[in-house]
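Reader: Please take me through a close look at one part of this model, and set it against the rest of the chain as you go. I would like a single connected account rather than a list.

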Amino acid sequence: ISLEYKIPGEYVEQNIKDRVFIYCIVQKDGSITHAEVHKSAHPSLDAEALRVIRYAPKWNPANSAGKPIATKMIIPISFDL
């Protein structure tokens with residue numbers, strides 16, 4: 001999935017690359033809930049990663065025996081210029 005994010009100014013100036021890991025649950029309807037930082041990079045990057053996940057379009061939910069199920073996930077979000 002390609003999501004648009006904004007890199008904080010100090011990261012752009014210093015050409016810093018980093019990754020934030022977000023824990024969340026993809027619900028049966030594809031919505032993302034319970035998003036929280038699992039592995040932090042920097043407070044400003046963490047906040048941007050959470051913003052991106054919270055406003056992401058619905059995902060395709062996991063299936064078990066042909067029925068959608070809620071699934072816990074850890075999603076890496078890379079900030080790379």
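**From the outside to the core**

Author: Ala 65 counts as exposed, because its relative accessibility is 81% and the cut-off for that class is over 50%. The model is a predicted one, and this alanine offers a starting point on the outside before we turn inward. Ala 65 sits in the loop between strand 3 and strand 4, the latter covering 67-69, and its phi is near 55°, a positive value in a residue other than glycine. A positive phi of about 55° is also found at His 34, again not a glycine, although His 34 belongs to strand 2 and not to a loop. His 34, too, counts as exposed, with 55% relative accessibility.

With those two residues placed, the overall layout can be stated. The protein chain contains two helices and five strands, and reading along the sequence gives the pattern α-β-β-α-β-β-β. Of the 81 residues in the protein chain, 28% are buried. The accessible surface is about 5400 Å², and carbon and sulfur atoms account for 51% of that area. Among contacts with a sequence separation of 6 or more, 67% are between residues 24 or more positions apart.

The part that deserves the close look is the sheet, together with the core that draws on it. Three strands make up an open sheet in the order 2-1-5, with antiparallel pairing. Strand 2 and strand 5 are the edge strands, each of them pairing on one side only, and from one strand to the next the twist averages 30°. Strand 1 pairs with strand 5 over nine bridges in the antiparallel sense, and one of the residues concerned is Ile 22, whose bridge partner in strand 5 is Ile 75. Towards the other edge, strand 1 and strand 2 are joined by five bridges, also antiparallel, and here Tyr 23 has Glu 36 of strand 2 as its bridge partner. In a regular strand, side chains alternate between the two faces of the sheet. Strand 1 and strand 2 also form a hairpin with five residues between them, and Gly 30 in that turn has a positive phi of about 90°.

The largest nonpolar core has 15 residues, of which Ile 22, Ile 32, Ile 53 and Ile 77 touch the most other members. At least two residues of this core come from each of strand 1 (18-26), strand 2 (32-39), helix 2 (43-54) and strand 5 (71-79). Leaving aside residues up to four places away in sequence, Ile 22 touches a set that includes Ala 35 and Val 37, Ala 49, Leu 50 and Ile 53, and Met 73, Ile 75 and Ile 77. Ile 77, which lies in strand 5, is buried because its relative accessible area of 8% falls under the 20% cut-off. With the same exclusion of sequence neighbours, Ile 77 touches Asp 18, Arg 19, Val 20, Ile 22, Ala 49 and Ile 53. A further separation is worth recording: Ile 77 and Leu 50 are 27 residues apart in sequence, with their C-alpha atoms 9.5 Å apart in space.

Which charged side chains meet around these elements, and how many salt bridges are there? The count comes to two. Side chains of opposite charge can pair when their charged atoms come close. One salt bridge joins the side chains of Asp 29 and Lys 58, at 3.5 Å from N to O. This pair links distant parts of the chain, 29 residues apart, since Asp 29 is in the loop between strand 1 and strand 2, while Lys 58 is in the loop between helix 2 and strand 3 (62-64). Asp 29 is partly exposed, with a relative accessible area of 44%, whereas Lys 58 is exposed, at 57%.

The other salt bridge brings together the side chains of Glu 48 and Arg 51, at 2.7 Å from N to O. Glu 48 and Arg 51 are separated by about one helical turn, because they lie three residues apart in helix 2. Glu 48 counts as buried at 10% relative accessibility, while Arg 51, at 33%, counts as partly exposed. Helix 2 thus holds this charged pair and also supplies at least two residues to the core.

Technical notes:
Residues are numbered from 1 along each chain as its sequence is written. This is a predicted model: local features need pLDDT of at least 70, side-chain atom pairs count only at pLDDT 80 or more; totals for chains, interfaces and linings use all residues. Side-chain values use heavy atoms; hydrogens and water are left out. A nonpolar core is a set of buried Ala, Val, Leu, Ile, Met, Phe, Trp, Tyr and Cys residues joined through side-chain atoms within 4.5 Å. Buried means under 20% relative accessible area, exposed over 50%, partly exposed in between (1.4 Å probe, protein chains only). Helices (H or I, at least four residues) and strands (E, at least two) are DSSP runs, numbered from the N terminus. Contact means heavy atoms within 4.5 Å. Two strands pair if DSSP finds at least two bridges between them. Axes are lines fitted to C-alpha atoms, for helices over the stretch in contact, and angles run from 0 to 180 degrees between N-to-C directions. A salt bridge is a side-chain nitrogen of Lys or Arg within 4 Å of a carboxyl oxygen of Asp or Glu. Accessible areas come from the Shrake-Rupley method with a 1.4 Å probe; for residues, only the protein chains shown count as cover.
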